[in-house]
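Q: Please take a close look at the nonpolar core of this protein, and set it in the context of the chain as a whole. I would like a careful account that I can follow residue by residue.

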Amino acid sequence: MAGSVNKVILIGNVGADPEIRRTQDGRPIANLRIATSETWRDRNSGERREKTEWHNIVVFNEGLTKVVEQYVKKGSKLYIEGQLQTRKWQDQNGQDRYSTEVVLQGFNSTLTMLDNRGEGGGASSGRGGNDYGGGYGDDYGQPSQPSGGRSSGGNSGGGSNFSRDLDDDIPF
């Protein structure tokens, strides 16, 4: 095998307002929890069943952290691309604990808001490392101001205007 891949893609709802902390040198870090759910009908009873999974998200990318701080709130629907990381820490009793988180840092991270414009302040996405005016930019990497509409930062898939052509609400 030629290598390995560590990539997580999630679409879910934010469970509580994000927590923004700062490192000693002033860089922001965003922590949030996203719920993903699956539903099905029980074969025997015909009842609708649901299973919800909670995911811890940590955003180290400065541009994406600014977007989280300004626009993401409890109930926001997000599309997340990041990497799984497990870290070891000690609780108050000195016991070793482990936390597995989806981390957004570097060039392999994306955060896109999927809310309707009236509900969640629009949509944004950013590739890590591209900080165009607070994490916003058009398809060509030129700075633009957030307008509550859809915008993408550094995600130029061949230079198309596809994201601007689709101003409709997402049907799901």
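A: The protein has 3 helices and 9 strands, and, read from the N terminus, these elements follow one another in the order β-β-β-β-α-β-β-β-α-β-β-α. The model is predicted, and every value given here is computed from it. The chain has 172 residues, of which 34% count as buried, and its accessible surface comes to about 10900 Å², with 44% of that area belonging to carbon and sulfur atoms. Among contacts between residues at least 6 apart in sequence, 52% join residues at least 24 apart.

The largest nonpolar core contains 18 residues, and those with the most contacts inside it are L32, I57, V59, L78, I80, L104 and L111. At least two residues of this core come from each of strand 1 (8-14), strand 3 (28-41), strand 4 (48-59), helix 1 (62-71), strand 5 (77-90), strand 6 (96-104) and strand 7 (110-113).

L78 is a convenient place from which to look around this core, since it is one of the residues with the most contacts inside it. Once neighbours within four places in sequence are set aside, L78 is in contact with L10, I11, G12 and V14, with L32 and I34, with V72, and with L111, T112, M113 and L114.

One of these partners, V72, sits in the loop between helix 1 and strand 5, and with a relative accessibility of 7% V72 counts as buried, because the limit for that class is under 20%. Apart from neighbours within four places in sequence, V72 is in contact with V14, P18, V67, L78 and M113, so V14 and M113 are partners of both V72 and L78. The C-alpha atom of V72 also lies 7.3 Å from that of D17, although 55 residues separate the two along the chain.

The pairing of the strands shows how some of the core residues are placed. Strand 3 and strand 4 run antiparallel and are joined by 12 bridges, one of which sets N31 opposite its bridge partner V58 in strand 4. The hairpin formed by these two strands has 6 residues between them, and in this hairpin G46 takes a positive phi near 80 degrees. Strand 4 is also joined to strand 6, by 3 bridges and in a parallel arrangement, and here V59 has L104 in strand 6 as its bridge partner. Both V59 and L104 are listed with the residues that have the most contacts inside the core.

In a regular strand, side chains alternate between the two faces of the sheet.

Polar side chains are found beside the nonpolar ones. H55 belongs to strand 4 and is buried, with a relative accessible area of 18%. Its side chain makes a polar contact of 2.8 Å with the side chain of T36, and, not counting residues up to four places away in sequence, H55 touches L10, L32, R33, I34 and T36. L10, L32 and I34 also appear among the contacts of L78. Another buried polar residue is S109, with a relative accessibility of 1%, which is placed in the loop between strand 6 and strand 7; a polar atom of the S109 side chain lies 3.4 Å from the backbone oxygen of G106.

Charged residues complete this view. Side chains of opposite charge can pair when their charged atoms come close. A search of the whole structure finds 9 salt bridges, and one of them joins E81 to K7, with the closest N and O atoms 3.2 Å apart. E81 lies in strand 5 and K7 in the segment before strand 1, so this salt bridge ties together parts that are 74 residues apart in sequence. The two partners differ in their exposure, for E81 is buried at a relative accessible area of 7%, whereas K7 is exposed at 51%.

Two further salt bridges can be compared with this one. D96 and K88 meet at 3.3 Å, N to O, where D96 is partly exposed at 37% and K88 is exposed at 53%. R97 pairs with D91, the closest N and O atoms being 3.0 Å apart, and in this salt bridge R97 is partly exposed at 40% while D91 is buried at 17%.

Technical notes:
Residues numbered from 1 in each chain as written. Predicted model: local features only at pLDDT ≥ 70, side-chain atom pairs only at ≥ 80, totals over all residues. Heavy atoms only, no water. Core = buried A, V, L, I, M, F, W, Y, C linked by side-chain atoms within 4.5 Å. Buried < 20%, exposed > 50% of the residue type's maximum accessible area, 1.4 Å probe, protein only. Helix = DSSP H or I, 4+ residues; strand = E, 2+ residues; numbered from the N terminus. Contact = heavy atoms within 4.5 Å. Salt bridge = Lys/Arg side-chain N within 4 Å of Asp/Glu carboxyl O. Areas by Shrake-Rupley, 256 points an atom, 1.4 Å probe, with all protein chains shown as cover. Pairing = 2+ DSSP bridges. Polar contact = N/O pair within 3.5 Å; in protein donor to acceptor, adjacent residues only side chain to side chain.
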